[in-house]
Amino acid sequence: MIRNIQLKHSGKYVCVVQTAVESVSSAANLTVRGSPGPPENVTVEEITDTTAQLSWREGADNHSPVTCYSVQARTPFSVGWQAATTVPAVIDGKTHTATVVELSPWVEYEFRVVASNKIGGGEPSLPSEKVRTEEAAPEVPPSEVSGGGGSRSELVITWDPVPEELQNGEGFGYVVAFRPLGVTDWIQTVVTSADTPRYVFRNDSIAPFSLYEVKVGVYNNRGEGPFSPVTTVFSAEEEPTAAPSQVSARSLSASEIGVSWGAVPWKPSNGHLLGYEVISFTFSQLVCGHCRAAGSPQTGQLS
């Protein structure tokens, strides 16, 4: 009985029966079969923006012919090694080349190959040299385009920046387009930083709390990409310009005072009036030939 058998146990085994007069022997060959060894010399022969042509050499078959190969890829943005899509989709054991497809442009890749036979899958090959796919025009616009807020005469537009692995090349930036609702022509500006998540347009002609249509596109050194879907954003609200009138107060109890006032005239077109702030003072009387009022303010908010 050979326990924990390994490939190295393959060979010729001889059993000998020996006496003082003579000896008799019998021999047999033992073959231990295992999953294939790692393929060798994985090489990237050609690279484009979305494909890579690979070649490799067969490793040890460990006494069981290789039936198929699979290709794995890794990038700085992936979680470990991932199965790659190849042409042909099924790589038989006699084929030592394949084209990896559906790659992302301008991303650094490593590749490795795994051989399989009837016993199972073997150890992966050593990784290929790192190669970067070629650049291409971007294909993914920013998401979560929104905005609003800001100071008077401002239009604030925000978005989630496009991840580096989807920028497809150097010189990546954004094209921000906006227009008042109902206007035909777009106003466009360029944001050159790939990490920037917002743009603020300032102009005295912007009416407070006006509705704008906005969209954000992408570009890089290879060309322009698509715009995000059009969404609507309000310009900044206008701050209140008048104080409440007819302010009066009356005692309700030893610890409560009721305050009333006339509402501030407010147009919905200027924004949302969130509430009022009530400021109170406590007074102390100082007798120094005359009376003076000294106050320490206390504030509260009503909405």
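This briefing covers the overall form, the cores and one strand residue of the structure above. The model is predicted. The protein has 23 strands and zero helices. With a radius of gyration of 38 Å, well over the 19 Å that the globule rule gives for 303 residues, the protein is more spread out than a compact globule.

**Overall form**

- Taken along the principal axes, the C-alpha atoms fill a box of roughly 145 × 55 × 30 Å.
- Buried residues make up 30% of the 303 residues.
- Consider contacts between residues at least 6 apart in sequence: 59% of them join residues at least 24 apart.

**Surface and charge**

- The protein exposes about 19100 Å².
- Carbon and sulfur atoms supply 50% of that exposed area.
- The protein carries 20 positive and 32 negative charges.
- The mean positions of the positive and negative charges lie 7 Å apart.

**The nonpolar cores**

- In soluble globular proteins, nonpolar side chains tend to be buried together.
- The largest nonpolar core here has 19 residues.
- Within that core, L155, I157, W159, Y174, V176 and F178 touch the most other members.
- Two or more residues of this core come from each of β13 (154–160), β14 (173–180), β16 (198–202) and β17 (211–220).
- β17 gives the most to this core, with four residues.
- Apart from this core lies another, of 18 residues. Its members include V42, V44, V71 and V113.

**W159 and its contacts**

- W159 is among the residues that touch the most other members of the largest core.
- Residues up to four places away in sequence are not counted in the contacts of W159 that follow.
- On the N-terminal side, W159 touches P142, S143, E144 and V145.
- W159 also touches Y174, V176 and V191.
- Further along the sequence, W159 touches T196, P197, R198, Y199 and V216.

**T85, a residue in a short run**

- T85 sits in strand β7, which covers residues 85–87.
- T85 has 37% relative accessibility, so it counts as partly exposed. That class lies between buried, under 20%, and exposed, over 50%.
- Leaving aside neighbours within four places in sequence, T85 is in contact with T99, V100, V101 and E102.
- T85 and V191 are 106 residues apart in sequence. In space, their C-alpha atoms are 35 Å apart.
- V191 is one of the residues that W159 touches.

How values were computed:
Residues are numbered from 1 along each chain as its sequence is written. This is a predicted model: local features need pLDDT of at least 70, side-chain atom pairs count only at pLDDT 80 or more; totals for chains, interfaces and linings use all residues. Side-chain values use heavy atoms; hydrogens and water are left out. A nonpolar core is a set of buried Ala, Val, Leu, Ile, Met, Phe, Trp, Tyr and Cys residues joined through side-chain atoms within 4.5 Å. Buried means under 20% relative accessible area, exposed over 50%, partly exposed in between (1.4 Å probe, protein chains only). Contact means heavy atoms within 4.5 Å. The radius of gyration is taken over C-alpha atoms; the globule rule is 2.2 Å times the number of residues to the power 0.38. Accessible areas come from the Shrake-Rupley method with a 1.4 Å probe; for residues, only the protein chains shown count as cover. Lys and Arg count as positive and Asp and Glu as negative; His and the chain ends are not counted. The place of a charge is taken as NZ of Lys, CZ of Arg, CG of Asp or CD of Glu.
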